[in-house]
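Biologist: Please take a close look at a single part of this model, one helix and what surrounds it. I would also like to know how the chains around that part meet.

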Amino acid sequence: MTPRQRRMTLVFSILAGVSIAGVLALSAFRQNVTFFFDPTEVAAGKVHDGEHFRLGGMVTQGSVQRLPGSLEVRFVVTDFKHDVPVTYTGVLPDLFREGTGVVAHGRMRGDGTFVADEVLAKHDEKYMPPQVARSLKKRHGESRAETGAQVQSSSPKSPAGT
Amino acid sequence: MAWTWFHRLGSPPYIYSLAARLTPWFAWPAAALILGGLYGGLVLAPPDYQQGDGFRIIYVHAPSAWMSLMVYMTMAISAGVGLIWRMKVAHAVAASCAPVGASFTVCALVTGSLWGQPMWGTYWEWDPRLTSELILLFLYLGYMGLRSAMEDVQRADRSSAVLAVVGIVNVPIIHYSVTWWNSLHQAPSVMKLARPAMPASMLIPLLMMLLGFTLFFVAVLLVRLRGEILSRERSASWIREAVST
Amino acid sequence: MSEFFDMGGYAAYVWPSYGLTLIVVVLNIVWARRLLTRSREEARRRLAMRGGGDT
């Protein structure tokens, strides 16, 4: 092997080594690396009792209730397979809406309700002018966000985007 | 036959004069595309149905993020070439890339942060995309730090090149983080050939900005490269003529 | 016109983003040119020293 071939082998070996190490490390730590759990994972008991975690999913249409006289808000987070009721006291982000994605920080209460101390809105990767959105809504009789496309794009196995 | 071309690229005086001649061919189109893209993005594109005029941050955030990745790839590949072929010019290219890449990574992080606050409700989250982009910044800074820490240019070249090459695994992680893992940052809007995620009126200015910034990077790289090459060529005879004008 | 600057209420986020990007672009141009100028001056100085220094 010429010296140059040896150097090439060295460089690619280092690269391969680091890549393999990276893959192993990430898959071993997948539990800790998970950014949020969806309602199905919560229902499957993937979250430890009392653990502070992030819950991600869609806000069920028609589930938002504001309690009069306080800043408390109740809504349901769903991934169209399971639901988790959420309660939150505080200001919600601008883009928080029924039928759109959310990521909430907090923990489960004993009664199966998720008590959130922070709620973030998650939006999808689609952009469009208001007129297009309105005509789509009229045509399909529902807002674009309800088509489940948002939950698809937030799950790890989704083909959305490349 | 192809190798003569490749080895000519390794000749400092050739690269020096080539870089000087090529720069305006990248600089002027870059300026035109960026100015056109700015007008298209700020004025012509309609507001978004969800984000209103706030979405226009995309016209500076997405190009910055693209730059941070593209410049890193250029840096890592030239570093690898420099390591394997022992080419000074390749190391010079890598060294020239680093400050440009680092500055655009900062830009991507800050513009992203400013965009995240009104839309998500937070300036920062440790989600996979944001975290890996931050790691990219540390890689750039590490590369630059390693170089400046070493007196001998050759040792600086080689050790920083190893870091650059190793760090390349972060690039696919950054790009695929939003599809591999649950994340707050949404999936890519542009890097998919199937259904475009935005109408032409919004997409075309974005493509202009992406291309414009790419050409801008090449122009800046060519200028930096000339400076880098000059500072490495201590006693070469070609320098006298090159700097006498 | 003021509607344009207001950016639908998002002005506080949009304009600093554009401003920072402009700064980064200009910085890169200035930095690159300064690097080249300085390298050229250094090279000239080195040549001058060698040329006139050993008579």
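Modeller: What follows starts with the helix and moves outward to the chains.

This is a predicted model, in which local features need pLDDT (the predictor's confidence in each residue, from 0 to 100) of at least 70 and side-chain atom pairs count only at pLDDT 80 or more, while totals for chains, interfaces and linings use all residues. Residues are numbered from 1 along each chain as its sequence is written, and chains are lettered from A and ligands numbered from 1 in the order in which they are written. The model scores ipTM 0.91 and pTM 0.87.

The part chosen is helix α6 of chain B, residues 153–166. Helices (H or I, at least four residues) and strands (E, at least two) are DSSP runs, numbered from the N terminus. From its first C-alpha to its last, α6(B) reaches 20 Å with 14 residues, close to the expected 20 Å at 1.5 Å a residue; the expected span is 1.5 Å times one less than the number of residues.

Asp157(B), Ser160(B), Ala161(B), Ala164(B) and Val165(B) are buried in α6(B). A residue is buried if 20 or more other C-beta atoms lie within 10 Å of its own, exposed if 12 or fewer, and partly exposed in between, with C-beta atoms placed from the backbone. Down the axis of α6(B), the buried residues fall within an arc of 140 degrees, so they line one face of the helix; the arc is that of the directions from the helix axis to the C-beta atoms. An α-helix has 3.6 residues a turn, so residues three or four places apart point the same way.

The cover over these buried residues includes α3 (58–85), α4 (88–119) and α5 (128–149) of chain B, together with α1 of chain A. Between α3 and α4 of chain B, the loop holds Arg86(B). Arg86(B) is not a glycine, yet its phi is positive, about 50 degrees. Most residues other than glycine have a negative phi, and most peptide bonds are trans. Arg86(B) is partly exposed, with 16 other C-beta atoms within 10 Å.

Next come the chains. Two residues are in contact if their C-beta atoms, placed from the backbone, lie within 7 Å. Of the two pairs of chains that touch, A and B have the most contacts. That contact takes 40 residues from chain A and 38 residues from chain B. On the side of chain A, α1 (3–28), β6 (114–122), α4 (130–140) and α5 (149–154) each supply at least two residues, and α1(A) gives the most, with nine residues. By class, this side has 22 nonpolar, eleven polar and seven charged residues. Ala, Val, Leu, Ile, Met, Phe, Trp, Tyr, Cys and Pro count as nonpolar, Asp, Glu, Lys and Arg as charged, and the others, Gly among them, as polar.

Within chain A, β6(A) pairs with β5 (residues 101–108) in the antiparallel sense over eight bridges and with β4 (residues 83–89) in the parallel sense over three bridges. Two strands pair if DSSP finds at least two bridges between them. Phe114(A) in β6(A) is the bridge partner of Met108(A) and stands opposite Val86(A).

Chain B also touches chain C, with 30 residues from chain B and 25 residues from chain C. No contact joins chain A and chain C, and their closest C-alpha atoms lie 11 Å apart.
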